[in-house]
Amino acid sequence: MSDIKIKALSPSPEIRAMLSEILIETVANGGSVSFMHPLSQAAAEAFWSNSLSAADRGERIILGAYDDDMLTGTITLLLDLPPNQPHRAEIAKMMTRVSHRHRGIATALLREAERLAIARGRWLLVLDTAEDEGAAGLYERMGFKLTGVIPDYALKPHGGLTGTLIYWKRLQEGAPA
């Protein structure tokens, strides 16, 4: 894990292509990240083009974890929320390449997203993850609290329904309850 570097990603064709690779791999391996298998390169690139543009406008932060020059993981911190929620951010699209799983990359990405949220005055994080094969264990180890389950929330990438687990985490002690 010591060789992994985490940094905010900015729009470029190279970054978009690497993010698209990870997204396509994640969906092909059953990751429930809003897309169905098979995911085309064009659809993945369109998603990341829009996301990176939103990051360029300050509406979100997309982080990448690098092993040398290889992008091995990503997480998105959504900041563009309604006016009555300036204290909150949402975690989305956390993915790690299959070849780099169980090396602490997702934990490091989540910690950096939490640090950046606090730096932007966001002290409450929310997220959702698939009930089947999601990252619930990681989120719970990182201190997220389960709010509840919505059954049959979305289709799994290869078909069939899965529920979603809704989590939250207060990042600062003494933040309003």
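Where does Gly 64 lie? Hi everyone, let me start there. Gly 64 lies in strand S2. Before I go on, please keep in mind that this is a predicted model.

Gly 64 is buried, because its relative accessible area is 0%, and buried here means under 20%. Leaving out residues up to four places away in sequence, Gly 64 touches Lys 5, Ile 6, Lys 7, Leu 9, Leu 71, Gly 73, Thr 74 and Leu 109. As for Lys 169, it is 105 residues away from Gly 64 along the chain, and the two C-alpha atoms are separated by 22 Å.

Now let's widen the view to the sheet. There are seven strands in an open sheet, with mixed pairing, and the order reads S1-S2-S3-S4-S5-S7-S6. At the edges stand S1, residues 4-8, and S6; each has a single partner strand, so one side of each has no neighbour in the sheet. From one strand to the next, the twist averages 25°.

One pair to look at is S5 and S7. These strands run antiparallel and are joined by seven bridges. If you want a landmark there, take Thr 129, which stands opposite Leu 165 in S7. Hold on to Thr 129, please, as we'll meet that residue again.

Next, two helices that lie across strands. H2 lies across S2, which covers residues 60-67, and across S3 and S4 as well; its direction is at about 115° to S2. H3 lies across S1, S2, S3, S4, S5 and S7, and runs at about 35° to S3.

Staying with H2, I'd like to point out Ser 51. H2 spans residues 41-56, and Ser 51 is part of it. Is Ser 51 buried or exposed? Ser 51 is buried, since its relative accessible area of 4% falls under the 20% cut-off. Apart from neighbours within four places in sequence, Ser 51 is in contact with Arg 60 and Ile 62.

On to the largest pocket, which holds about 1200 Å³ of space. Its lining counts 48 residues, and the closest to the centre are Met 94, Thr 129, Gly 134, Ala 135 and Tyr 139. So there is Thr 129 again, as promised. Which elements give two or more residues to this lining? They are H2, S3, S4, H3, S5, H4, S6 and S7. S4 gives the most, with seven residues. Sorted by class, the lining has 19 nonpolar, 19 polar and ten charged residues.

Finally, let's visit some loops, where the backbone deserves a look. Between H1, residues 13-28, and H2 there is a loop that contains Pro 38. The peptide bond leading from His 37 to Pro 38 is cis, and omega is near -5°.

Asp 68 sits in the loop between S2 and S3. Asp 68 is not a glycine, yet its phi is positive, at about 60°. Asp 68 is also exposed, because its relative accessible area is 66% and the cut-off for exposed is over 50%.

His 102 is found in the loop between S4 and H3. His 102 too is a residue other than glycine with a positive phi, near 65°. With a relative accessible area of 84%, His 102 is exposed.

That's my tour, and thanks for listening!

Note on methods: Residues are numbered from 1 along each chain as its sequence is written. This is a predicted model: local features need pLDDT of at least 70, side-chain atom pairs count only at pLDDT 80 or more; totals for chains, interfaces and linings use all residues. Side-chain values use heavy atoms; hydrogens and water are left out. Helices (H or I, at least four residues) and strands (E, at least two) are DSSP runs, numbered from the N terminus. Buried means under 20% relative accessible area, exposed over 50%, partly exposed in between (1.4 Å probe, protein chains only). Contact means heavy atoms within 4.5 Å. On a 1 Å grid over the protein atoms alone, a cavity is a set of points where a 1.4 Å probe fits but cannot get out, and a pocket is an open set with protein on both sides within 12 Å along at least five of seven lines; lining residues have an atom within 4 Å of a point. Grid points are joined across faces, edges and corners, and a volume is the space filled by probe spheres set on the points. Ala, Val, Leu, Ile, Met, Phe, Trp, Tyr, Cys and Pro count as nonpolar, Asp, Glu, Lys and Arg as charged, and the others, Gly among them, as polar. Two strands pair if DSSP finds at least two bridges between them. Axes are lines fitted to C-alpha atoms, for helices over the stretch in contact, and angles run from 0 to 180 degrees between N-to-C directions.
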